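Subject: Structure for your review

Dear colleague,

Please find below the structure that I am handing over to you. I would be grateful if you could look through it alongside the notes in this message.

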Amino acid sequence: MPYKIEGIDIEGITEPVLGEGTTFVPLANVAQALGGYAEFDHVAKVARIQMGDYVLQVQADNPIVDISGTPVELQAAPFIDADTMFVPVRLFEKLGYTMSVDGGNIALESA
């Protein structure tokens, strides 16, 4: 499934996963494609993402995400599969991106 970020096709990102009626994307891959930086604590299962003015703390199996000090509830909990943390793609809407899923394609654009 190709990703289109800011109008540019991005290859090499881990395929999204559909579950619980939600499209999940690999957090670090997508954040980095959007110009962010990702760190992961394997023991605590927490990802820390820096994207522009936003700092996110995302913990596996917890639908509450900290976005720059504000707790935000996601529609489904992030999970880890094969050392990759997946989050609902709608998380990026909370960071000011518009998102669309069209069949096998995911597009994210700055709002």
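The notes below concern two sheets and one residue.

Please bear in mind that this is a predicted model.

One open sheet contains four strands in the order β2-β1-β13-β12, and its pairing is mixed. Strands β2 (8-10) and β12 (97-102) stand at the edges with a single partner strand each, so one side of each has no neighbour in the sheet. On average, neighbouring strands here are turned by 20° against each other, direction ignored. Between β12 and β13 (residues 105-110), the pairing is antiparallel and runs over six bridges. Within β13, Ser-110 is the bridge partner of Tyr-97.

Another open sheet of four strands follows the order β3-β4-β11-β10, with antiparallel pairing. Its edge strands, β3 (17-19) and β10 (79-81), each pair on one side only. The twist from one strand to the next averages 35°. Strand β4 is joined to β11 (residues 84-88) in the antiparallel sense by three bridges, and Phe-86 in β11 is the bridge partner of Pro-26.

Strand β4 (residues 22-26) also holds Phe-24. This residue counts as buried because its relative accessible area is 2%, under the 20% cut-off. Beyond its neighbours within four places in sequence, Phe-24 is in contact with several residues, including Pro-16, Val-17, Ala-76, Phe-79, Phe-86 and Val-89. Phe-24 and Phe-92 are 68 residues apart in sequence, and their C-alpha atoms are 11 Å apart in space.

With kind regards

Terms used: Residues numbered from 1 in each chain as written. Predicted model: local features only at pLDDT ≥ 70, side-chain atom pairs only at ≥ 80, totals over all residues. Heavy atoms only, no water. Pairing = 2+ DSSP bridges. Helix = DSSP H or I, 4+ residues; strand = E, 2+ residues; numbered from the N terminus. Axes fitted to C-alpha atoms, helices over the stretch in contact; angles between N-to-C directions. Buried < 20%, exposed > 50% of the residue type's maximum accessible area, 1.4 Å probe, protein only. Contact = heavy atoms within 4.5 Å.
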